[in-house]
2 protein chains.
Amino acid sequence: MSSRRNDRAVGIEDVARAAGVSITTVSHAFSGRGQVAQKTRARILQVAEDLGYAPNRLASSLRTRRSNILGFVSDDIATTPFATRVVLGGQDAAAERDQLLVVVNSNRDAAIELDQLTALMSAQVDGIVYARMFHQEATSLPPQLGRVPTALLDTSDPEGNMPSAVPDEVQIGRLATETLLRAGHTEIAHLTISEPGSARDGRIAGYSAAMQAAGQVPRIVTVPEPADARAGRAAFAEMTQGPAAAATGVFAFNDPMAMGVYQVAVRGGIRVPEELSVVGVDDFEPVAASLLPGLTTVALPHYEMGRWGVETVLAMLDGDEVPHPHRLLRGTLVERESVAPPR
Amino acid sequence: MSSRRNDRAVGIEDVARAAGVSITTVSHAFSGRGQVAQKTRARILQVAEDLGYAPNRLASSLRTRRSNILGFVSDDIATTPFATRVVLGGQDAAAERDQLLVVVNSNRDAAIELDQLTALMSAQVDGIVYARMFHQEATSLPPQLGRVPTALLDTSDPEGNMPSAVPDEVQIGRLATETLLRAGHTEIAHLTISEPGSARDGRIAGYSAAMQAAGQVPRIVTVPEPADARAGRAAFAEMTQGPAAAATGVFAFNDPMAMGVYQVAVRGGIRVPEELSVVGVDDFEPVAASLLPGLTTVALPHYEMGRWGVETVLAMLDGDEVPHPHRLLRGTLVERESVAPPR
DNA sequence: CGAGCATAACAAAACGTTTTGGCTCGCGGA
DNA sequence: TCCGCGAGCCAAAACGTTTTGTTATGCTCG
């Protein structure tokens with residue numbers, strides 16, 4: 001009733017008529033492309049404003065062959081909360097550059113993924129950022145990819161044609177370990193999972209390197225489970241029975257595992273951080289900040305990855321050279337209260 | 001090198017030429033609209049397939065005045081993890097109906113929100129689902145809204161023009177309370193926040209109603225803080241000092257607060273669920289499932305809200321009557337191990 | 001045997017922009 | 001006085017579809 005929903009929206013022609021100029025001139029006034037007198041331009045803009053004119057992006061996309069839409073496809077946005085942050089980074093970068101971001105997720109179903117990719121292509125997206133939250137390994141990428149400028153997140157292109165960004169897992173492992181070393185710990189255990197993967201392997205490598213550099217012996221405890229609180233409990237329990245029982249510092253593969261460590265520690269009367277220092281990886285707020293004491297942890301560069309993804313695709317569209325065909329993004333330390341000097 | 005990226009994409013005209021028919025006939029063959037002989041149709045589809053033809057949605061949108069794009073605007077997708085689930089519900093519903101969903105979020109900044117709404121309108125979205133994760137109160141909605149079919153989530157339209165859906169907070173409060181009652185508890189406290197809001201108020205109402213119906217006296221403990229683990233700790237500590245000290249069951253406003261209860265309980269040597277039963281609200285997996293013991297909690301109908309949103313907008317576009325102008329969505333109980341009969 | 005009628009196909013207009021290639025002034029210089 | 005030129009504007013062609021209105025081709029029926 002209030003708004004006249006059924007009226008044909010006001011178009012460039014209405015503005016032209018109202019301003020007493022041609023369509024061409026209105027277009028020029030907006031884009032600043034041709035020659036249009038200051039006075040005319042001002043009048044046109046005013047009229048457009050009055051009429052509430054907003055250019056129809058569909059039409060202009062059709063003509064310019066540029067939709068200003070980017071696709072963001074992820075294999076899992078639901079179960080891992082980190083996905084949210086990479087999407088967020090992508091959205092922010094897209095918004096800054098006036099692009100629309102269409103986020104689709106396949107729930108790890110290859111068939112769905114293919115459908116969605118075709119849907120995106122059909123919608124004439126200018127580019128795609130493709131994120132693999134789940135299996136990070138460079139398994140075969142969908143063939144649809146690459147018909148349009150594409151950037152890869154959390155995975156890489158076996159053929160090396162597409163730019164990609166992943167977290168620098170080795171640096172992350174080193175940073176976590178060094179945090180404990182710097183606090184004065186010498187007996188430091190790394191609790192992780194047994195299933196190989198670049199996150200696991202890299203963090204182990206970083207941990208080992210840091211320990212060796214400090215002249216300490218690495219002690220790695222693995223459990224054959226998904227990396228959650230239960231795994232943390234199991235790993236910590238196992239640690240206290242083995243050669244790493246004397247550890248005063250624990251580097252957990254991720255925050256949920258660190259949470260598990262807290263749980264068995266508190267039950268065993270072990271106080272964090274007085275008797276046991278722990279550091280995690282993720283900075284998954286609802287967990288890390290809620291823990292008591294707050295968990296010191298290495299934040300993964302998820303937001304940055306998202307940004308990098310759309311910025312890179314945009315750069316490719318502009319014809320720019322992509323500076324880093326494969327980029328490692330650093331983790332950063334978030335200090336809370338779970339690390340203290342050993343007694 | 002592999003794909004010819006710069007070639008003009010194959011269009012309907014290429015298919016027509018290759019199949020030896022007119023553009024019109026190709027279009028008909030795809031849409032099933034006009035009269036086209038079975039044989040011709042089959043040939044056209046085959047040719048299209050061979051050529052890898054996919055219709056240009058931009059062009060068809062322009063012509064049909066239907067973009068098949070929906071906007072999903074949320075005021076906060078980042079900090080609340082629930083947002084993810086409503087977005088997911090929306091995405092699934094959109095994918096099923098072959099719509100693209102553009103998710104934008106304003107981080108609670110009204111100016112940004114306005115920009116994004118204009119961007120969406122300019123992109124000719126067919127409809128909008130507008131979610132208010134943050135302040136649920138029906139504060140003034142942006143005027144841009146309603147120029148296009150719109151559904152509201154987690155808020156409602158003061159003027160009653162737009163359909164909306166919110167969680168049935170009263171039912172949720174009642175369900176949580178009844179879970180404890182059913183287990184045999186009679187002394188049940190409700191830990192919540194002091195700042196009014198429909199979630200808080202509704203859950204209090206549901207709690208009180210359930211208690212009264214059971215002939216028990218409601219005991220509500222409030223703390224003036226954001227509803228996180230810290231608040232849970234504070235509320236539980238306060239509870240043990242007051243008239244509710246004898247409570248054997250606790251209904252926490254949400255999962256993080258329940259987590260806080262766990263924390264002070266374990267420190268006080270109170271065992272969950274043997275000596276204390278607790279139920280939360282959210283079913284925020286990474287917390288609820290990780291807690292030890294697993295938290296029994298009422299899952300909010302977020303995924304359903306997301307679905308409802310896009311389905312409702314789509315129904316409006318189809319000209320259907322919307323059956324529930326304002327809809328209450330029920331929470332469902334997720335049973336884990338934090339509830340047991342009192343001793 | 002011709003009128004009437006499906007069926008199958010097509011040409012052309014439209015959707016709302018951008019862009020190319022003019023056209024028309026008015027003015028300065030020769 | 002005429003030419004050349006830049007500034008300012010415009011008409012029309014594209015972009016890739018859908019849809020409207022038309023035409024051609026048999027067939028059926030009276």
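**Close-up 1. The surface near DNA strand D.** By class, this surface splits into 11 nonpolar, 15 polar and four charged residues. Here Ala, Val, Leu, Ile, Met, Phe, Trp, Tyr, Cys and Pro count as nonpolar, Asp, Glu, Lys and Arg as charged, and the others, Gly among them, as polar. What you see is a predicted model, where local features need pLDDT of at least 70, side-chain atom pairs count only at pLDDT 80 or more, and totals for chains, interfaces and linings use all residues. Residues are numbered from 1 along each chain as its sequence is written, while chains are lettered from A and ligands numbered from 1 in the order in which they are written. In this view, 30 residues surround DNA strand D, and the closest are Ser22(A), Ile12(B), Ser27(B), Asn56(B) and Ala59(B). (A residue is near a strand if its C-beta atom, placed from the backbone, lies within 6 Å of it.) Helix 2 (23-31) of chain B gives the largest share, six residues. Helices and strands here are DSSP runs (H or I, at least four residues, for helices; E, at least two, for strands), numbered from the N terminus.

**Close-up 2. The surface near DNA strand C.** Which residues are the closest to DNA strand C? They are Ile12(A), Ser27(A), Asn56(A), Ala59(A) and Ser22(B), out of 30 that surround the strand. Helix 2 and helix 4 of chain A, together with helix 2 and helix 4 of chain B, each give two or more residues to this surface. Helix 2 of chain A gives the most, with six residues. Sorted by class, there are 11 nonpolar, 15 polar and four charged residues.

**Close-up 3. Helix 4 of chain A meets helix 4 of chain B.** The axes of these two helices (residues 57-64 in each chain) come within 9 Å and cross at roughly 140 degrees. Axes are lines fitted to C-alpha atoms, for helices over the stretch in contact, and angles run from 0 to 180 degrees between N-to-C directions. The two helices are therefore oblique to each other; under 35 degrees would count as roughly parallel, over 145 as roughly antiparallel and 65 to 115 as roughly perpendicular, with the rest oblique. Leu58(A), Ala59(A), Ser61(A) and Leu62(A) meet Leu58(B), Ala59(B), Ser61(B) and Leu62(B). Residues are in contact if their C-beta atoms, placed from the backbone, lie within 7 Å. This contact has six nonpolar, two polar and no charged residues.

**Close-up 4. Where the two chains touch.** Chain A and chain B put 44 residues each into the contact. On the chain B side, strand 2 (100-105) gives the most, with six residues. That side has 26 nonpolar, 14 polar and four charged residues.

**Close-up 5. The axis between the copies.** A turn of 180 degrees and a shift of 0.0 Å along the axis lay chain B on chain A with an RMSD of 0.1 Å. Copies are superposed by least squares on the C-alpha atoms of residues with pLDDT of at least 70 in both. That is the relation of a two-fold axis. In chain B, the C-alpha of Val102(B) is nearest the axis, 2.4 Å from it.

**Close-up 6. Helix 5 packs with helix 12 in chain B.** Helix 5 and helix 12 (residues 302-317) of chain B have axes 7 Å apart, at an angle of about 40 degrees. Among the residues making this contact are Phe82(B) of helix 5 and Tyr303(B) of helix 12.

Definitions and conventions. Contact = placed C-beta atoms within 7 Å.
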